[in-house]
Amino acid sequence: FMDAAKLLGEWFGLPMPVTPQGKPRQLTKVEFIAQKCRTNTDPVIAYLAGRGIADAVIQQAIKRRTIGFNDWTSPKLPAGQPGDGGPAAACMVYDGNGECVAVDFRYLDAELNGGVKTQCQGEKNGFYWTSDPRRLAVARTVFIVESPINALSIETALAHQSGFACLAIRGVANVGNIDWAFLRGKR
């Protein structure tokens, strides 16, 4: 990549950009959680396969860094209390610039988390989830569903078709918060 950038710079007479020296940017809390969720994806593969999601769909979402697995539990709360956490499928939500803004959890056993089935770390309002942002950008048809697992189910059912993408609104209360302008010209 750098060689290509240098060559283009030479062709068009552009100087090399100067990068600021110093410490690398510190991860936000959400980025840290997302990074942790991407380290061991085997449990989410088993969970999603058990829900009928095709392996190819799961692997593509892992490659795109949009799903992972979380096994965090609270050191302060006893097991079975809301907020304790536990094993969960993790769905990473990105903004238009590719920054992770939220991680949604779908607990494998809600009772371990005090009966709470889903939880969000980060921004909820105005952001949707998709397994592949690039595919969404070029899709001619977009299926809009409530949850990431619903979106993955459609991707499994239509795995041999092209030109479509799915997005999850992450709860019906979020519909009015999303800027839908990017869907103009799509079905």
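Where does Leu 7 lie? Leu 7 sits in helix H1, residues 2-12. Keep that helix in mind; we will come back to its surface. A word of caution before going on: this is a predicted model.

Let's start with the overall picture. The protein chain has 187 residues, and 36% of them are buried. Its secondary structure comes to 6 helices and 6 strands. Along the sequence, the pattern reads α-α-α-α-β-β-β-β-α-β-α-β. The C-alpha atoms fill a box of roughly 65 × 45 × 35 Å along the principal axes. Take the contacts with a separation of 6 or more. Of those, 53% are between residues 24 or more positions apart.

Now the surface. The accessible surface comes to about 11,400 Å². Carbon and sulfur atoms hold 56% of that surface. Back to Leu 7. Its relative accessibility is 37%, so Leu 7 counts as partly exposed. Leu 7 also belongs to a nonpolar surface patch of about 590 Å². The other members of that patch are Leu 8, Trp 11, Phe 12 and Leu 14.

Next, charges. The chain carries 21 positive and 17 negative charges. The mean positions of the two sets are 3 Å apart. How many salt bridges does the count come to? The count is 3. Let's take each pair in turn.

Pair one is Arg 64 with Asp 132. Their closest N and O atoms are 3.2 Å apart. This pair links distant parts of the chain, 68 residues apart. Arg 64 is in the loop between helix H4 (55-63) and E1. Asp 132 is in the loop between strand E4 (118-122) and helix H5 (133-138). Are these two residues buried or exposed? Arg 64 has 22% relative accessibility, so Arg 64 counts as partly exposed. Asp 132 has a relative accessible area of 6%, so Asp 132 is buried.

Pair two is Arg 170 with Asp 104. Here the N to O distance is 2.6 Å. Arg 170 lies in the segment after strand E6 (164-168), and Asp 104 lies in strand E3, residues 100-107. So the bridge ties together parts that are 66 residues apart in sequence. Arg 170 is buried, because its relative accessibility is 3%. Asp 104 is buried too, with a relative accessible area of 9%.

Pair three is Arg 135 with Glu 155. The closest N and O atoms are 3.1 Å apart. Arg 135 lies in helix H5 and Glu 155 in helix H6, residues 148-157, so this pair ties together parts 20 residues apart in sequence. Arg 135 has a relative accessible area of 27%, so Arg 135 is partly exposed. Glu 155 is at 5%, so Glu 155 is buried.

Now an acidic residue without such a partner. Asp 84 is buried yet has no salt bridge. Which side chain of opposite charge is nearest to Asp 84, and how far away is it? The answer is Lys 76, at 12 Å. A salt bridge needs the nitrogen and the carboxyl oxygen within 4 Å, so a distance like that does not qualify. Asp 84 lies in the loop between strand E1 (67-70) and strand E2 (88-94). What is Asp 84 in contact with, leaving aside neighbours within four places in sequence? The list is Trp 72, Thr 73, Ser 74, Leu 77, Pro 78, Ala 79, Leu 112 and Asn 113.

Two more residues before we stop. First, Arg 65. Arg 65 lies in the loop between H4 and E1. At 43% relative accessibility, this arginine counts as partly exposed. Arg 65 and Arg 38 are 27 residues apart in sequence, yet their C-alpha atoms are 7.1 Å apart in space. Beyond its neighbours within four places in sequence, Arg 65 is in contact with Arg 38, Met 92 and Tyr 94.

Second, Thr 141. Thr 141 lies in strand E5, residues 141-145. Is Thr 141 buried or exposed? Its relative accessibility is 16%, so Thr 141 counts as buried. Again leaving aside neighbours within four places in sequence, Thr 141 is in contact with Gly 163, Phe 164, Ala 165 and Arg 187.

That's the tour. Thanks, everyone.

How values were computed:
Residues are numbered from 1 along each chain as its sequence is written. This is a predicted model: local features need pLDDT of at least 70, side-chain atom pairs count only at pLDDT 80 or more; totals for chains, interfaces and linings use all residues. Side-chain values use heavy atoms; hydrogens and water are left out. Helices (H or I, at least four residues) and strands (E, at least two) are DSSP runs, numbered from the N terminus. Buried means under 20% relative accessible area, exposed over 50%, partly exposed in between (1.4 Å probe, protein chains only). Lys and Arg count as positive and Asp and Glu as negative; His and the chain ends are not counted. Contact means heavy atoms within 4.5 Å. Patches are made of residues with over 30% relative accessible area and no salt bridge: like charges are joined within 9 Å, nonpolar side chains (Val, Leu, Ile, Met, Phe, Trp, Tyr) within 5 Å. Accessible areas come from the Shrake-Rupley method with a 1.4 Å probe; for residues, only the protein chains shown count as cover. The place of a charge is taken as NZ of Lys, CZ of Arg, CG of Asp or CD of Glu.
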